Amino acid sequence: MKNLLIGLLVFVSIHAMGQNDRYDILKDKKTGATVIKGECTFDDLLRQPSLGWLTRGANNYKPDTAKLSYLKRHIKDYEIVVFMGTWCDDTYNILPKLYKILLLTNYPMSEYTMYGVDRTKATKYIEHKLYKIENVPTIILSRQHTEIGRITESLKKTVESDIAGLIDADITKQEMQQQQMQNK
């Protein structure tokens, strides 16, 4: 009995140390698909064999080179927060394209944060409430911790074009504010 108790304690201790405080891995009740719930990285997703759609989608995507050139000059000035569902068709479409664009523009991943949500659009903690997430994927661009815009669930054109549009609008706004300050 004593050996059984010691063995059980060792097993529980080892299992507890292996848990992840950032995210949980669950199974979708509707489809059985892998659900990542909480803060995660692209590396976390790439380690999940059942999420091969990320690599396939990124490899197959051919982004607009002119928009990429624009983003290479400007995207590093922005923080990006993404909410996605590993069970969601829109995420399967958009997230691999975003991943490829971030790689091709040498985006500083220290400025990138991603959260997985379940079908109720909830994260592991309360981030979904703080960012008022209703649909996924949601890509939020911020400059100096102030949101400048978001792409939610679908694209107007392409990922790179939509992100470039948000950045361009922000740059135009900054320039107008600078002109107003100079005119005073």
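Buried residues account for 42% of the 184 residues in this protein, which is a predicted model. The exposed surface comes to about 11200 Å², and carbon and sulfur atoms supply 53% of that area. Contacts reach well along the chain: among those between residues at least 6 apart in sequence, 65% join residues at least 24 apart.

How far can the coordinates be trusted? The mean pLDDT of the protein is 89, and 90% of the residues reach 70 or more. Confidence peaks in strand 3, at 98, and bottoms out in helix 1 (residues 2-17), at a mean of 40. Over residues 1-18 the pLDDT stays below 50, and beyond near neighbours in sequence this stretch makes 0 contacts in the model. Where pLDDT is low, the predicted coordinates are not something to read in detail.

On to the fold. There are 7 helices and 6 strands in total, and starting at the N terminus they come in the order α-β-β-α-α-α-β-α-β-α-β-β-α. The 6 strands make up an open sheet with mixed pairing, ordered 1-2-4-3-5-6. At its edges sit strand 1 (23-27) and strand 6 (146-152), each of which pairs on one side only. On average, and with direction ignored, neighbouring strands in this sheet are turned by 20 degrees against each other.

Working across the sheet from strand 1, the pairing with strand 2 (residues 34-40) is antiparallel and involves 5 bridges. One of the residue pairs here is Y23 with G38, its bridge partner in strand 2. G38 also stands opposite G116 in strand 4, so to speak a shared point of reference for the next pairing: strand 2 and strand 4 run antiparallel and are joined by 3 bridges. Strand 4 then pairs with strand 3 in the parallel sense, over 5 bridges, and F83 stands opposite Y115 of strand 4. Of the 5 residues in strand 4, 4 are buried, so this strand is largely enclosed by the rest of the structure.

Two of the helices can be placed directly against the sheet. Helix 5 (residues 89-104) lies across strand 3 (79-84), strand 4 (112-116) and strand 5 (138-143), and runs at about 155 degrees to strand 3. Helix 7 (residues 159-183) lies across strand 5 and strand 6, running at about 155 degrees to strand 6.

Helix 3 (residues 53-60) shows a clear split between its sides. Its buried residues are W53, L54 and A58. They fall on the same side of helix 3 because they cover an arc of only 125 degrees around the axis. R56, N59 and N60, by contrast, are exposed on the other side of the helix. The cover over the buried residues of helix 3 includes helix 2 (42-46) and helix 5.

The loop that follows helix 5 and leads to strand 4 contains T105. Is T105 buried or exposed? With a relative accessibility of 6%, T105 counts as buried. Leaving aside residues up to four places away in sequence, T105 touches L68, L71, K72 and I75. As for L71, 34 residues away along the chain, its C-alpha atom is separated from that of T105 by 6.6 Å.

A few backbone details deserve a look. Most residues other than glycine have a negative phi, and most peptide bonds are trans. Against that background, the bond joining V136 and P137 is cis, with omega at about -5 degrees. P137 belongs to the loop between helix 6 (127-130) and strand 5. K132 is found in the loop between helix 6 and strand 5 too, and although not a glycine, K132 has a positive phi of about 55 degrees. The relative accessible area of K132 is 64%, which makes this residue exposed.

E153 is another residue other than glycine with a positive phi, in this case near 70 degrees. It lies in the loop between strand 6 and helix 7. At a relative accessible area of 32%, E153 is partly exposed.

Terms used. Residues numbered from 1 in each chain as written. Predicted model: local features only at pLDDT ≥ 70, side-chain atom pairs only at ≥ 80, totals over all residues. Heavy atoms only, no water. Pairing = 2+ DSSP bridges. Helix = DSSP H or I, 4+ residues; strand = E, 2+ residues; numbered from the N terminus. Axes fitted to C-alpha atoms, helices over the stretch in contact; angles between N-to-C directions. Contact = heavy atoms within 4.5 Å. Buried < 20%, exposed > 50% of the residue type's maximum accessible area, 1.4 Å probe, protein only. Areas by Shrake-Rupley, 256 points an atom, 1.4 Å probe, with all protein chains shown as cover. Arc of directions from axis to C-beta. pLDDT = per-residue confidence, 0-100.
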